[in-house]
Structures are given as structure tokens and as C-alpha cells.
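Got your viewer open? Load the model, find the selection tool, and follow along one stop at a time.

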Amino acid sequence: MKKHKMSKLPSRSRKVKILAIETSCDETAGAVLIGNPHSAKPDYRFLSSVVKSQIAIHKKTGGVVPEVAARAHMTSIMPVVNKTLVDAKAKLTDMDYIAVTSGPGLVVSLIVGTEFAKGLSMATGKPLLPTNHMEGHLYSAFSLHPEKIKFPVLSIIVSGGHTMLVLMRNYKDYKVIGSTVDDAAGEAFDKIARLLKLPYPGGPEISKLALRGKTDLNFPRPMMSAANYDFSFSGLKTAVLYYIDKKTKNGKVALYTQDKADIAMSFQNAVVDVLTTKALRACKQYKCKTVALSGGVAANRPLRESLSRVCQAEKINFIVPDFELCTDNAQMIALAAYFRLYNKGKAVLPARVKADPAWEIH
């Protein structure tokens, strides 16, 4: 068997190009980043970003079917990577590294991207950087306004599968200080949307409907007063379910549109209150100078506004990515790969890279 040989690593004096690939769930994405990982301060910019969404496919089933998502990735990945390179006005041979999401996520989706990236690495000799999806969200908040980043940073990652608080002492030293013990916030949004019979994806539909809410139903704020930074949203989901059952007499009476709007608003208010309250408490304990919000739920305007108000009142910097960087994309994977190099991390031989759906950050 022919031994795989990596290309000669670029010199420390020049910038590098990273091709990043993301297929952790239901978006096939590619991006190219150029930057100098050896500069005193982070120095990078994006040359291209392409995202192929599967929303239209999964609307038919009201949620992501893993096997269907994997097949869509297989169809889209080559065209997405080709367009990513064309938009960057670059060739595959111009890349210095190939980065790919190797976990966490849907295993069948992860396998498509991981194996494709391994093939590119083996064919070209370009070093491979297996990248953690949650690290991608973590660093995505640094894509804008780097001048506002002052450590310690409290990073709030709120997505479909994760809700966590991460304390960052610097670009390399980070620690998860709180996470979800059951349903993540994004998952709860999707479940409430299904209870209200809203279209997929449910999170944005809840936020849209909440704008018409008039009466706050004062749903519970789970674990908001607990002496830790963990989260639980299953109890909130159950409280909403019981309210709907009572209101509809166990499905015998239909909910009016205003009823649905009040439920959506009240549920959203509860989630925002819990996240904001715990974040503020953590900031005070760890004397954080910056709050960074990221993940799919970071696109929620009330959450952004609540955290922004609190940070302004406490004289804490607040950073959040553009809306398109909140949902899954390859720019955040390129950023995480860049910071891996910036923090003196190394590439990995393709044979050692495997899709790991349970790969969590700590």
C-alpha cells in the first residue's frame, strides 16, 4: 500500500489558505479562509462561503431524516466544494490545509464530509484538520469586530443539540462551565413548534409568531436559580404541553392564532430569561469582559437584544456573528481550524480521522 505523504507545511512567514467542509447535519457547506496563524494577533479573512440548505427536503417530513440528509450531502458536496474554490478564485492545489467537521452531529452526515475531505487530502497531500463543530460555533463569534474581544470571554453557545456556557481565558484556554442536562434550547424551540403545528424549521417560526403575542403566560424558568450553570428545558416543554392540553381540552378544541402567539411569546421569554440570567451571573463570578453569543439560536432577536442590554448596563463587550454565521456553515469550521493552527495545533494523517458523533468539547 502506498504511504500517504503530506505536502511540505507552509513557512511561518506567509499566510495560509484553508478549505473547510461542513456536513454535520442538513447543510452542505464549504469556505476558504486566508490568514497568518503565526501573527501576534489573529489575522484572517474569508475568500468564499457556500451553503447548500436541505430545508426544502426536510419540510416534507417535518424534521431531519438522517439517511435522507446523507444522500443529499453526497449529491451536493462536490458542487459545493467546486463553487467554494471558484468563488475564492483559487484551485485545490492552492490550499495549504483541508479542514472538515468530524463531530459532533449526525453520524451518516459526518461520514460524507469526513470521507470526502480524507480523499482530497490523500489525493493532494494537503494536511488535514479534523474540526469540532462546537468549536466552530465557539470561534464563529470572533468573525466580526476582533477589536471588541477582551478576555476573559463568556461564550454562550445555543444550538439545536447544545446549550452551554464556555469560559475562555484566551484563544486557546477554554472550559465548559455549564451545559444542558436534557433538551437543548434549540431542540425545545423545535418541539414547541411541532406542538403548535408550525412548519419546519420550527425555531424561526416560533420567533415570528411570538411577535404577535400579547399575554405572557409566565411559563416556568427551569434551573434559573440553581447554584450552577447547567440548563434544562424539558420541564418548560412539558409545561407548554400541559397548557395546550388544558386549553384545547386534550385536543377537542382548536387553538386560536392569538393563543398560539401568546404561547410562542411566553415560551421564548422563558428561554431568554434563563439564558440571560445565568450568563450575567457567570460574567460576574468570572469577571468576564466580553460575552460572545453563537449557535443557531443566536439568530433569535429577543435573545440578542436581551444580552446586549445586560452587557451595556454592565459595561461588558457583546459580540455575535452575522445571522448567516449562526446556522451551520463552513466559515466557522475554517475559523476553528485557523485557531487550531494559531494555538500551535497540528494536522492529522487522513487514516487517523474518523467521524465522531459524540465528540464534545470540555
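## Stop one: a helix and its cover

Select β1 (16-22), α2 (66-87), β4 (97-103) and β5 (128-132): these are among the elements that cover the buried residues of helix α3. One thing to keep in mind as you look around is that this is a predicted model.

Now pick α3 itself, residues 107-124. This helix has 18 residues and reaches 25 Å from its first C-alpha to its last, close to the 26 Å expected at 1.5 Å a residue. Which residues of α3 are buried? Colour S109, L110, V112, G113, T114, F116, A117, K118, L120 and S121 to see them. Then step just past the helix to G125, which follows α3 and has a positive phi, near 80°.

Stay on α3 and show the side chains of E115 and K118. They form a salt bridge, with the closest N and O atoms 3.3 Å apart. Why can these two pair up along the helix? They sit three residues apart in α3, so about one helical turn separates them. Residues three or four places apart in an α-helix point the same way, because there are 3.6 residues a turn. Buried or exposed: what is K118? K118 is buried, at 12% relative accessible area, while E115 is partly exposed at 41%.

## Stop two: more salt bridges

The whole structure has 10 salt bridges, so here are a couple more to click on. In helix α6, select K208 and E205, which are three residues apart, about one turn of the helix. Their side chains meet in a salt bridge (3.6 Å, N to O), and K208 counts as exposed at 52% relative accessibility. Next, select D183, E187, K191 and K237, which are joined into one network by salt bridges that share partners. Within it, D183 and K191 meet at 3.3 Å, N to O. D183 is buried, at 8%, and K191 is partly exposed, at 21%.

## Stop three: the cores

Finish with the largest nonpolar core, which has 49 residues. L154, I156, L196, I206, F233, F267 and L293 touch the most other members. Elements giving two or more residues to this core include β6 (153-158), α5 (185-195) and β9 (290-294), but α8 gives the most, with 13 residues. Zoom in on F267: leaving aside residues up to four places away in sequence, F267 touches A188, F189, I192, I206, F219, L236 and V240. Apart from this core lies another one, of 37 residues, including V16, L129, L138 and V153.

How values were computed
Residues numbered from 1 in each chain as written. Predicted model: local features only at pLDDT ≥ 70, side-chain atom pairs only at ≥ 80, totals over all residues. Heavy atoms only, no water. Core = buried A, V, L, I, M, F, W, Y, C linked by side-chain atoms within 4.5 Å. Buried < 20%, exposed > 50% of the residue type's maximum accessible area, 1.4 Å probe, protein only. Helix = DSSP H or I, 4+ residues; strand = E, 2+ residues; numbered from the N terminus. Contact = heavy atoms within 4.5 Å. Expected span 1.5 Å × (residues − 1). Salt bridge = Lys/Arg side-chain N within 4 Å of Asp/Glu carboxyl O.
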